[in-house]
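Reader: I would like a close look at a single strand and the strands beside it. Please start from one pair of residues and work outwards, then set that part in the rest of the model.

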Amino acid sequence: MSTLIKQDKIGGLTDHPGIGFELARNSAKEIFNQQGMPALKAEEYKFTSITKKLDQIITDPTQAKAFEVNANLVKSAIFEGFEGDILVFSNGIYQPALSDKIEDLTISFLSEKSDCPIGSIAKPEKDAFCALNQASFHEGIVISIPKKVKLERPVLILFLNAVSEGQVIQPRIWIEAGDFAEATFIEQTVQLNGSPTFVNKVIEVKGGINTHLHHYRLQHEGKNYIEVSNIETDIQKDSTFNSVVISLSGDMIRNNLTLNILGSNSEGNMYGLYLLDGKTHVDNHTNVDHIVAHSESNELYKGILADHSRGVFNGKIFVRQDAQKTNAFQQNNNILLSDDAVVNTKPQLEIWADDVKCSHGCTTGQLDEEALFYLQARGIGKLQAKGLLLYAFAGEVLEHIADEPFRTYCTKLVEDRLGSKF
Amino acid sequence: MLSIKNLHASIEGTPILRGINLEVKAGEVHAIMGPNGSGKSTLASVLAGREEYEVTEGEVTFNGKNLLEYSPEVRAREGVFLAFQYPVEIPGVSSTNFLRTAVNQVREYRGLEALDAVKFLTLMKAKMKLVEIDQKLLSRSLNEGFSGGEKKRNEIFQMAMLDPKLSILDETDSGLDIDALKIVSNGVNQLKTKDNATILVTHYQRLLDYIVPDYVHVLYKGRIVKSGTKELALELEEKGYDWIKEEIDSAATV
């Protein structure tokens with residue numbers, strides 16, 4: 001029963017949509033109304049009872065409006081050491097006045113870009129939250145990187161969130177990269193108060209031919225923070241797309257990441273590290289779809305879980321019949337530091353082509369006692385030895401962050417956590 | 001230096017050591033030999049403090065201190081070094097960082113100041129020569145992708161860096177070809193002083209051609225059943241372990 005009541009409540013968001021995109025919004029609303037919120041045992045949300053969680057935390061789901069942000073606030077929110085350009089969002093709404101003007105980059109409000117084919121990459125029928133966002137988001141942006149442009153500096157997408165009890169933030173971003181374009185995007189969210197917050201984010205990335213994009217995300221939020229994100233990209237030929245997601249705290253986080261490899265000689269890489277304690281719940285659902293021949297995907301997600309935390313990993317790899325000579329690798333490794341921590345991991349490979357190299361593997365276990373003893377037998381104290389081993393485990397993901405200041409910042413957060421908490 | 005009295009130890013309730021007595025003095029080299037499953041490696045592990053083993057009886061004193069009440073890291077800092085039979089590969093932990101952490105924790109315990117990067121590298125370069133270990137190996141993750149011989153050499157290199165009082169070499173010779181064995185033995189011999197001691201745990205006499213022991217002990221069914229000098233090792237090489245087994249087993253049935 002409660003599921004139904006909640007669905008009506010959250011569904012109420014669709015009655016107050018933003019401007020434009022009526023067709024897209026209406027079809028998404030229809031899909032959402034048909035599908036509803038994920039039911040308790042819904043296959044895709046089997047281990048992440050997001051509907052129940054929202055029901056408990058988000059008691060009055062209205063859409064948050066932007067709040068006033070000043071330059072000092074922006075300055076204090078940016079992670080230490082960042083060197084690049086900043087796009088500022090207040091409760092999910094882009095703030096041009098506080099954002100850097102970036103040469104070679106065009107940024108427009110979605111409401112002024114009525115021809116933007118939103119929902120054509122992250123299709124609303126795939127996920128209820130994706131549909132909800134499309135039906136009801138208030139304002140989004142289009143980021144266009146022109147042909148042959150290489151952005152030398154990373155772009156920080158800075159989400160500043162401050163809501164009153166139970167509000168919903170729905171960022172919507174469409175990124176398009178022209179042929180031969182290169183760019184790095186870093187997503188950082190700063191929660192300015194401890195109010196229960198629900199962020200439902202959709203980012204669509206349309207790559208051109210021979211584009212090279214990096215997308216990094218740090219999830220380091222408060223105890224009452226719930227997020228569902230749908231990030232999906234179309235990868236054309238001769239291109240690369242690299243995603244790294246570092247999840248450190250929050251209440252319940254669900255990341256849906258989908259790479260559609262539409263062109264040959266392309267590479268999609270997905271890396272994730274979740275370092276959880278308390279009751280934090282992080283669910284990474286990834287999906288890579290090899291549609292044409294000669295492409296590669298690499299995936300490595302690693303988790304260290306303490307206390308009552310829970311990690312979920314679901315990795316789908318599709319290799320279509322035409323996608324011969326595909327190389328697809330997937331690995332998920334977890335270390336449980338407490339008897340109460342839980343990991344649910346599921347690789348899901350569907351391969352129709354016959355000349356491919358695919359592998360997957362997952363491990364869940366305790367810290368390697370033999371390695372621990374080896375370090376201790378050389379005089380290294382037990383706590384420090386544990387820290388060394390855990391850091392080494394996490395380091396394999398961190399090293400995939402190519403932007404040095406961001407890698408340094410994440411490394412420090414991870415080291416602090418491993419030194420103190422574990 | 002080391003005094004083991006009536007040491008009994010078991011793993012998961014199964015007794016492995018059943019009353020070991022051994023005295024090791026500074027400057028001595030002891031070889032502990034014995035057939036497979038006699039408890040040789042268990043003895044090495046118990047001395048180093050491996051937690052799976054439970055000491056059920058007896059005592060071990062090391063320079064007058066009760067060794068058994070110390071954690072593995074404190075034993076190491078006190079000067080006990082175990083060269084592992086199977087050195088562990090630890091991806092992501094650089095050999096150099098690991099060693100510097102270890103050396104400085106040991107130094108701190110001994111009241112010495114920590115080595116800075118320059119001094120540490122100087123020390124490392126000097127000790128690397130002892131076991132002819134390549135700098136390239138040490139720039140990799142600890143033992144990761146090392147060959148069997150490289151791992152064993154790395155053990156002796158770590159021993160040289162940590163400057164222990166008592167070194168226990170657990171089957172360091174097994175799996176080594178003659179050239180590697182010579183390098184490893186040469187390193188051990190050079191590290192020998194009148195103030196430190198070595199226990200060689202080995203199945204084969206071959207190692208003792210290169211590192212000459214003062215005493216040889218034969219371990220069987222968790223006890224030292226025979227002690228002698230290096231000639232005992234040669235006798236074992238010639239006759240195998242069966243005659244000792246028979247001697248002990250028939251004595252037990254009488």
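Author: Start with one bridge. A:Ile203 has A:Ile231 as its bridge partner in strand 11 of chain A. The model is a predicted one.

That bridge belongs to a longer pairing. Strand 9 of chain A and strand 11 (residues 225–235) of chain A run parallel, and 10 bridges hold the pair. A:Ile203 also has a partner in another strand: A:Ile173 stands opposite A:Ile203. The pairing here is between strand 7 (residues 172–177) of chain A and strand 9 of chain A, again parallel, over five bridges. Strand 6 (residues 167–169) of chain A joins strand 9 of chain A as well, in parallel, through three bridges. In that pairing A:Val168 is matched with A:Phe198 of strand 9 of chain A.

Now the burial. Strand 9 of chain A spans residues 197–206, and 10 of its 10 residues are buried. In a regular strand, side chains alternate between the two faces of the sheet. Strand 9 of chain A can be read that way. One way point A:Thr197, A:Val199, A:Lys201, A:Ile203 and A:Val205. The other way point A:Phe198, A:Asn200, A:Val202, A:Glu204 and A:Lys206. Both sets are buried, A:Lys201, A:Glu204 and A:Lys206 included.

A helix of chain A is covered too. Helix 5 (residues 128–136) of chain A has nine of its nine residues buried. Among them are A:Phe129, A:Cys130, A:Leu132, A:Asn133 and A:Gln134.

Next, a sheet of chain A. Its 10 strands run in the order 2-1-5-8-10-12-14-16-18-20, open, with mixed pairing. Strand 2 (93–94) and strand 20 (357–365) of chain A are at the edges; each has a single partner strand, so one side of each has no neighbour in the sheet. The partner pairing at one end is antiparallel: strand 1 (residues 85–90) of chain A meets strand 2 of chain A over two bridges. There A:Ser90 stands opposite A:Ile93. Helix 7 (residues 382–398) of chain A packs on this sheet. That helix touches strand 12 (240–249), strand 14 (266–276), strand 16 (295–305) and strand 18 (327–336) of chain A. Its direction makes about 150° with that of strand 16 of chain A.

Chain B is next. Its secondary structure comes to nine helices and 12 strands. The radius of gyration is 18 Å, which agrees with the value near 18 Å for a compact globule of 254 residues. The C-alpha trace spans about 65 × 40 × 35 Å along the principal axes of chain B. Of its residues, 43% count as buried. Take the contacts in chain B with a separation of 6 or more: residues 24 or more positions apart account for 72% of them.

Chain B has an open sheet of six strands, in the order 6-9-10-3-11-12, with mixed pairing. Strand 6 (80–83) and strand 12 (223–228) of chain B are its edge strands, each pairing on one side only. From one strand to the next, the twist averages 20°. Strand 6 of chain B pairs with strand 9 (residues 166–170) of chain B in the parallel sense, over four bridges. B:Leu82 has B:Ile168 as its bridge partner there.

Strand 1 (residues 2–11) of chain B has antiparallel pairings. Eight bridges join this strand to strand 4 (residues 53–62) of chain B, with B:Ala9 matched to B:Val55. Eight bridges also link strand 1 of chain B with strand 2 (residues 14–24) of chain B, and B:Ile4 is matched to B:Leu22. Strands 1 and 2 of chain B form a hairpin with two residues between them. In that turn, B:Glu12 has a positive phi of about 45°.

Two helices of chain B pack together. The axes of helix 6 of chain B and helix 7 (residues 178–191) of chain B come within 10 Å and cross at roughly 5°. Angles under 35 degrees count as roughly parallel, so helix 6 and helix 7 of chain B are roughly parallel to each other. Among the residues that meet are B:Ile156 and B:Met159 from helix 6 of chain B, and B:Ile183 and B:Val184 from helix 7 of chain B. This contact divides into eight nonpolar, two polar and two charged residues.

Last, the contact between the chains. Chain B gives 20 residues and chain A 16 residues. On the chain B side, helix 2 (72–78), strand 7 (90–94), helix 3 (95–109) and helix 6 (148–162) each supply at least two residues. That side divides into 12 nonpolar, five polar and three charged residues.

Definitions and conventions
Residues numbered from 1 in each chain as written. Chains lettered and ligands numbered in written order. Predicted model: local features only at pLDDT ≥ 70, side-chain atom pairs only at ≥ 80, totals over all residues. Contact = placed C-beta atoms within 7 Å. Nonpolar A, V, L, I, M, F, W, Y, C, P; charged D, E, K, R; others polar. Pairing = 2+ DSSP bridges. Axes fitted to C-alpha atoms, helices over the stretch in contact; angles between N-to-C directions. Parallel < 35°, antiparallel > 145°, perpendicular 65-115°, else oblique. Rg over C-alpha atoms; globule rule 2.2 N^0.38 Å. Buried ≥ 20, exposed ≤ 12 C-beta atoms within 10 Å, placed from the backbone.
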